[in-house]
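Here's a quick briefing to read alongside the sequence and the 3D view. Take a look at the structure first, then work through the notes below.

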Amino acid sequence: MGYLAAILFFAAIGFVFFFTRKSSAPAAASDQSAEPELTERFRLGRYVRGFSAQKEPVAIVSCGVTDKDFVVCKGVIGAEIGRIARCGITDISLTRQGEAEFLLALSWNDAAGAPQKAVFSFDDKKLAGSMAAEARDALQKWQGIVHGQPSATGAATMN
């Protein structure tokens, strides 16, 4: 009976030690994780060009909104291919190319003040126009909201 009590005692101590150690590790990891998204993630169509780290086009990209940046990722929640400071955007333009393709261009100034431009395309025959307009509207919506306050930076146009 004494052996059973000793085994249970050491098992309980091991159990407590294991779970208190495990529970403190994720807290430290979460402090170092990427900043959380606000409330929206939306589709940006097909990535064409504009990010120095991503030379090749990507069939489907999405945009997550953080407190300070637009984060462009492969697919819905894939790897990040580019990041644009929301307050750095100088222009959001939507142009029609041919019958069924729309190009969405984001112009911004990077941290060094150099002008940059990323281009995305929408080419679904029936939905390209509405999908491109929804992406433009989402970008415009979040462009001017930093820390909950509207900002006067940037302009949006549709050519």
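Starting from the N terminus, the elements of the protein run α-β-β-β-β-β-β-β-α-β-β-β. That makes two helices and ten strands. Keep in mind that this is a predicted model, with an average pLDDT of 77 for the protein.

**Confidence**

- If you want to filter by confidence, 65% of the residues score at least 70 in pLDDT.
- Residues 15–20 stay under 50 in pLDDT, and the model gives them zero contacts beyond four places in sequence.
- Residues 22–33 tell a similar story: the pLDDT is below 50, and this stretch has zero contacts in the model beyond near neighbours in sequence.

**Overall numbers**

- The protein has 159 residues, and 30% of them count as buried.
- Its accessible surface comes to about 9800 Å², with 61% of that belonging to carbon and sulfur atoms.
- Take the contacts with a separation of 6 or more: 45% of them are between residues 24 or more positions apart.

**The largest nonpolar core**

- In soluble globular proteins, nonpolar side chains tend to be buried together.
- Here the largest nonpolar core holds 29 residues, and the members that touch the most others are Phe42, Leu44, Phe51, Val61, Leu104, Phe120 and Leu139.
- Who supplies it? Strands β1 (37–49), β2 (58–66), β3 (69–74), β4 (80–85), β5 (89–97), β6 (101–109) and β7 (115–122), along with helix α2 (128–143), each put in at least two residues.
- Helix α2 gives the most to this core, with seven residues.
- Leu139 is a good one to click on: setting aside residues up to four places away in sequence, Leu139 touches Phe42, Leu44, Cys63, Phe70, Ile92, Leu104 and Leu106.

**Helix α2, residue by residue**

- Ala128 sits in helix α2 and counts as buried, because its relative accessibility is 1%.
- Beyond its neighbours within four places in sequence, Ala128 is in contact with Ala100, Phe102, Phe122 and Asp123.
- Ala128 and Gly45 are 83 residues apart in sequence, yet their C-alpha atoms are 8.9 Å apart in space.
- Met131 is also found in helix α2; leaving out neighbours within four places in sequence, Met131 is in contact with Arg43 and Phe122.
- From Met131 to Phe42 the C-alpha separation is 10.0 Å, for a pair 89 residues apart along the chain.
- Is Arg136, another residue of helix α2, buried or exposed? At 12% relative accessibility Arg136 falls under the 20% cut-off, so Arg136 counts as buried.
- The Arg136 side chain makes a polar contact with the side chain of Asp137, at 3.1 Å.

**Phe102, on the strand side**

- Phe102 is found in strand β6 and counts as buried at 10% relative accessibility.
- Its contact list, leaving aside neighbours within four places in sequence, is Leu94, Thr95, Arg96, Phe120, Ser121, Phe122, Ala128, Gly129 and Ala132.
- Phe102 and Ala132 are 30 residues apart in sequence and 6.6 Å apart in space, C-alpha to C-alpha.

**A buried loop residue**

- Gln54 belongs to the loop between β1 and β2.
- With a relative accessibility of 13%, Gln54 counts as buried.
- Not counting residues up to four places away in sequence, Gln54 touches Tyr47, Lys74 and Ile81.

**Cysteines**

- How many disulfides does the model have? The count comes to zero.
- Why is Cys73 not bonded to Cys63? The closest cysteine sulfur to that of Cys73 is in Cys63, and at 8.1 Å it is too far for a bond, given a cut-off of 2.5 Å.
- Cys73 counts as buried, with a relative accessibility of 6%.

Conventions
Residues numbered from 1 in each chain as written. Predicted model: local features only at pLDDT ≥ 70, side-chain atom pairs only at ≥ 80, totals over all residues. Heavy atoms only, no water. Core = buried A, V, L, I, M, F, W, Y, C linked by side-chain atoms within 4.5 Å. Buried < 20%, exposed > 50% of the residue type's maximum accessible area, 1.4 Å probe, protein only. Helix = DSSP H or I, 4+ residues; strand = E, 2+ residues; numbered from the N terminus. Contact = heavy atoms within 4.5 Å. pLDDT = per-residue confidence, 0-100. Polar contact = N/O pair within 3.5 Å; in protein donor to acceptor, adjacent residues only side chain to side chain. Areas by Shrake-Rupley, 256 points an atom, 1.4 Å probe, with all protein chains shown as cover.
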